[in-house]
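Please study the sequence and the structure shown below before attempting the exercises. Each task is followed by a worked solution.

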Amino acid sequence: MDVLGRIGLVGYGVVHLFVAWLALQVAFGVPNAPADAEGAVGTIARTPGGLIALAVADVGLVAFALWQVTAAAIGFRWVDGGERVRKRVGAVAKAIAMSALAVVIADYLLDIGSAGGTTAQAAAAGVLGLPAGRVLLGLGAGTILVIAGAMVYTGLRRTFMGDLDVRRLGPIARQTIELLGAVGHLARALALGVVGVLAGSAALFADPGRAGGLDAALRTLSATALGSSLLVVVAVGFAAFGLFCLADAGTRRA
């Protein structure tokens with residue numbers, strides 16, 4: 001489980017690197033650039049050996065999700081009190097994120113995937129069709145914003161370093177990993193925060209067309225006053241997080 005989980009973490013990092021590259025294409029005006037996880041998965045699949053790599057990564061992502069569920073139940077013994085609770089809650093969030101990406105990859109491998117934005121809008125439409133759907137979608141949007149806020153806290157306080165065993169690394173390597181993690185968490189928090197705002201807008205106006213996933217969030221950022229400059233910054237942040245995941249895979253406490 002530990003080995004497969006680390007493989008999944010590498011796959012998670014690689015997908016973030018590809019998302020960063022696709023986001024840069026959006027920033028520089030490449031037509032129809034799909035700057036989301038599904039677009040990244042498709043890009044990986046088109047590389048030599050990409051389908052095999054995706055299949056291995058998918059197994060690893062599922063293993064990592066189970067690894068994090070175990071950590072949420074009995075892990076993080078090196079801390080106590082509120083810090084242990086916070087890390088266990090974070091492990092649950094990571095398990096959900098890994099599972100979601102595993103589903104995206106499995107859908108692609110089975111050739112039943114769909115565009116990220118359409119998926120988000122279809123999910124919003126499904127929620128709005130339920131009794132008290134606007135309230136439920138609003139609660140979902142609030143949850144996303146809370147998770148984004150937690151990412152900001154993690155990035156600023158750099159609490160993720162407590163999950164890594166970097167005692168054998170030199171100071172430069174430790175500082176580099178810490179910087180990559182901080183920048184990566186903040187960039188992901190910004191993108192996820194926009195997703196939360198889009199979901200909240202869909203709930204407020206009862207319009208599923210206002211919802212959107214990562215692709216819609218990045219395109220929304222590119223349409224701001226800062227335009228492509230902000231999107232480039234976010235893309236660099238996603239690349240930093242991808243590299244951090246690679247370091248995380250090699251140094252995470254068992």
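The exercises below concern a predicted model.

**Exercise 1.** State how confident the prediction is along the chain, and where pLDDT stays under 50.

*Solution.* Step 1: the mean pLDDT of the chain is 84, and 94% of its residues reach 70 or more. Step 2: residues 113–117 stay under 50, and the model has seven contacts for them beyond four places in sequence.

**Exercise 2.** Identify which residues touch the most other members of the largest nonpolar core, and which helix supplies the largest share.

*Solution.* Step 1: this core has 48 residues, of which L9, Y12, L61, M98, L101, L218 and F238 touch the most other members. Step 2: among the helices that each supply at least two core residues are α1 (2–27), α7 (171–205) and α9 (228–251). Step 3: the largest share, 10 residues, comes from α9.

**Exercise 3.** Classify the aromatic pair of Y12 and F241.

*Solution.* Step 1: the ring centres are 6.2 Å apart, and pairing requires centres within 6.5 Å. Step 2: the planes stand at 85 degrees, so the pair is edge-to-face; the cut-off for this class is over 60 degrees. Step 3: Y12 lies in helix α1 and F241 in helix α9, so the pair ties together parts that are 229 residues apart in sequence.

**Exercise 4.** Describe the further surroundings of F241.

*Solution.* Step 1: F241 forms a tilted aromatic pair with F244, at 6.1 Å centre to centre and 40 degrees between the planes. Step 2: both residues lie in helix α9, three residues apart, and both are buried. Step 3: the charged end of R188 sits over the ring of F241, 4.1 Å from its centre. Step 4: Y12, F160, F241 and F244 form one aromatic cluster.

Conventions. Residues numbered from 1 in each chain as written. Predicted model: local features only at pLDDT ≥ 70, side-chain atom pairs only at ≥ 80, totals over all residues. Heavy atoms only, no water. Core = buried A, V, L, I, M, F, W, Y, C linked by side-chain atoms within 4.5 Å. Buried < 20%, exposed > 50% of the residue type's maximum accessible area, 1.4 Å probe, protein only. Helix = DSSP H or I, 4+ residues; strand = E, 2+ residues; numbered from the N terminus. pLDDT = per-residue confidence, 0-100. Contact = heavy atoms within 4.5 Å. Phe/Tyr/Trp six-rings, centres within 6.5 Å; stacked < 30°, edge-to-face > 60°. Lys NZ or Arg CZ within 6 Å of the ring centre and 35° of its normal.
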